[in-house]
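Here are some exercises to work through with the structure open beside you. Try each task yourself before you read its solution.

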Amino acid sequence: MIHHERVRPDPNVYPPDEWNVIEKKFNPRIIPHTETIMAVGNGYLGLRGCFEEGGPIGQDGTFINGFYETWPLVYGEVAYGFAKTGQTIVNATDTKIIKLFVDDEPFWLSNASLRSYDRRLNMKAGMLKRELLWETPSGKLVWIRSKRLVSFPHRHLAAISFEVEVKNAEAPVVISSEIVAIHRQSITTEGGDPRQAKVFHDRILMPLTQVSQGQRILLCHETKSSRQILACGIDHDFETGGTYSVKTKHTEDFGQVLYSMNAQPGIPLCLTKYMVYHTTETASPEEMCDRVERTLDRVKGHGFMPLQTAQQEFMDDFWSRSDVCVTGLSQSPNGRSDIEIQQAVRFNLFHILQASARAENTGIPAKGLTGRAYEGQYFWDAEIYVMPFLIYTAPRVAKNMLTFRYHMLDKAKKRAKELGFKGAMFPWRTINGEEASAYYAAGTAQHHINADIMFAMRKYVNATGDQEFLIDYGAEMLVGTARMWNDLGFFSKKKGGKFCINGVTGPDEYNTVVDNNLFTNLMARENLRYAAQTTDWLKEKDIRAFETLSRKLRLDPGEIEEWKHSAENMYIPFDETLGIHPQDDSFLSKEPWDFENTPQDKYPLLLFFHPLTIYRHQVIKQADVVLAMFLLREEFSLEQKKRNFQFYDPLTTGDSSLSSCIQSILALEIGEYEKATRYARAALLMDLADVGGNVREGCHIASMGGGWMILVYGIAGMQDYKGVLNFHPRQIPGAKLAVKFPLNYRGRMFLVEIQNQTTKYSLLEGDDLTLYHYDEEFTLTKQNPVVTRQVR
């Protein structure tokens, strides 16, 4: 149930285009929105889509994944085990600025007379482009063309190509390329929205070192509390047919390279600006500046074109592994075209790429690197919603994410001890591995994150066959998380001696600190089972590795038997009268929320009602039982899925972007096709259509991953629960639905094409591959690489 679905206020804001998101006019009303949509990044560095000339600005942003500031969390009443330190991503030194003056008049969009305007995010090329024709107050016509990229091949590099051409007259022209350290770290806040980032009123970037030589400027700063060092630098190539002068100046927080010339009509002025960022927690400022210099030396003098070519090669490879083509989801009362849906699909995949590709030794923030909401922190949704796409299209990136979690393990063990548990407890929200959630009820109590990470790891190992990762890293994580679950739960006489888990919060944050949350219990059982299976397997496969693990973790064989016993006796709530699974022990006893008398402008509920008011009612922020039915589909009969969905769907608000995609997949499975398509469109258009009304704060990266799952797990009906790929393609009655996508499985790449009641499987790379179609086995071979089956 979507209680506050929003559509584009102007359908022409982004005209339908399969490979571009296009602005055909400057629209000051939606500047913060377009800054998010037009953001570029590579997983390490992200630049919001702010204008080169430095304004007008909604929310400026230059973000480095994992570069954060800390502050003490202050509570009105302190309790034992509360998180002590907050963490938030820092708005880093801004290098995007290139100001233009013609006849000493500044170019500024708000008051400029524009003859033409075109700005587009080119998703095929991985680049933001703008071309406009400005008529100055004195009647001069000036072409301004820019291209901006954050390099995928060069992790620490961004670049801008900036070209100016006066068409009809001579004119004095000044181009000012700038680098500015941001003093006040803040964003626009509305109504105390807890999802927005911390506002620092004091300075947090403290100056260390500055370097200026020729057209190059370096600034080095350190965060005030977290003591992380940021070194960044700019350098330039400039070309024109005439003479020009260059002046450079800098302070500890500012640098400027000024180009002055008398422009001749029809002669372009071409500036290439190179922007480099390096961060550290251990190296000296001098070493960091040296790193910046080396990166600049490598690219300066070669111009923008080699960077553009390398970017295009990277993008060609990405789309060959990741593109999803879809038609037939647009047949609806709101008239969305197939091109719009295809545009949204590629937009979502492109932003997942920008959030993850070079996220090495870090996680994936909830907003990627497009905004500061949710503090730039990492949550469970990366493992559950984004990891499936990465596992089947970019397994190396998926492995990086899991390795990053492994490196959190020592802090997770320390956190478990603080909470009174054995084993390890991963943080609910974090950047540096420590818990940063100040609200334990909807944060720390979400212990299911332990099982979510292990669930993602199992999916990765099954899909890649990477047993080496399981031996080197995974087994230790499994032992730590299994110990936590076994210690947290207990065998309850009241529940017939079943293993119960009390005082936890599931994915639904509108029902907190409950007993026997269904999702948590089911996922904990999977975690315990997988830990026991892995340790047993390791003992048989590599006794030395098992003995090393046992010595390191003091693992007693009796523990493993305890895990098995707890798992097999896990309490799984079920109400015989209603024929449904209660979300938790108390959910069915609560008063249903009065949706009929809740105005549309009172959503999301968390901004307009006290938490206790929400907690007392049957109302759901995000899919909980429904998510469990998707992840663990074989634990439920089809009839149970129907009954559960029909009960919980009307109680689920649109307050979380994580619901629509899961609701769509389940609706497809049980045959509720109208809801399935409606939820699918809501998920796929979450950001381009601003469904939640808050895209100005950043993209919803998890929902974007959920959009891919709709097409692969929903329409194509892929099932991978047991480590084999079994497809149950679905057709929506009356819709000419077609979908095509590649997958990477066990080192093979194959293509799935569903159209006109047939499914075609094609082996593209690798050895023979066995798959299943409606549970029937078939094999793709090099001799017979194509198999066609009917859609039932």
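Before the tasks, one definition: helices (H or I, at least four residues) and strands (E, at least two) are DSSP runs, numbered from the N terminus. The model is predicted, so local features need pLDDT of at least 70 and side-chain atom pairs count only at pLDDT 80 or more, while totals for chains, interfaces and linings use all residues. Residues are numbered from 1 along each chain as its sequence is written, and side-chain values use heavy atoms, with hydrogens and water left out.

**Exercise 1.** Find where Glu509 is placed, and work out which residues it touches.

*Solution.*
- Step 1: Glu509 sits in the loop between β22 (498–500) and α10 (518–541).
- Step 2: Check its accessibility. Buried means under 20% relative accessible area, exposed over 50%, and partly exposed in between (1.4 Å probe, protein chains only). Glu509 has 19% relative accessibility, so it counts as buried.
- Step 3: List its contacts, meaning heavy atoms within 4.5 Å. Leaving out residues up to four places away in sequence, Glu509 touches Trp428, Ala442, Gln446, Tyr615, Lys621 and Gln622.
- Step 4: Look for a polar contact, which is a pair of N or O atoms within 3.5 Å; within protein, one must be able to donate a hydrogen and the other to accept it, and residues adjacent in sequence count only if both atoms are side-chain atoms. The side chains of Glu509 and Lys621 make one, at 3.0 Å.

**Exercise 2.** Arg227 has a positive phi although it is not a glycine, and the same description fits Glu375. Is each of them buried, exposed or partly exposed?

*Solution.*
- Step 1: Arg227, with phi of about 60°, is in the loop between β15 (216–223) and β16 (229–239). Its relative accessible area is 49%, so Arg227 is partly exposed.
- Step 2: Glu375, with phi of about 65°, lies in the loop between α4 (338–356) and α5 (381–393). Its relative accessibility is 10%, so Glu375 counts as buried.

**Exercise 3.** Locate the cis peptide bonds that lead into Pro56 and Pro604.

*Solution.*
- Step 1: The bond from Gly55 to Pro56 is cis, with omega near -5°. Pro56 belongs to the loop between β3 (45–47) and β4 (62–64).
- Step 2: The bond from Tyr603 to Pro604 is cis, also with omega near -5°. Pro604 belongs to the loop between β23 (591–592) and α13 (611–615).

**Exercise 4.** How many disulfides are there, and why does Cys661 have no bonded partner?

*Solution.*
- Step 1: Apply the rule that a disulfide is a pair of cysteine sulfur atoms within 2.5 Å. The count comes to zero.
- Step 2: Take Cys220, which is in no disulfide: the nearest cysteine sulfur, in Cys289, is 4.5 Å away. Cys220 is buried, at 0% relative accessibility.
- Step 3: Now take Cys661. The closest cysteine sulfur, in Cys699, is 15 Å away, so it is too far for a bond. Cys661 is buried as well, with a relative accessible area of 0%.
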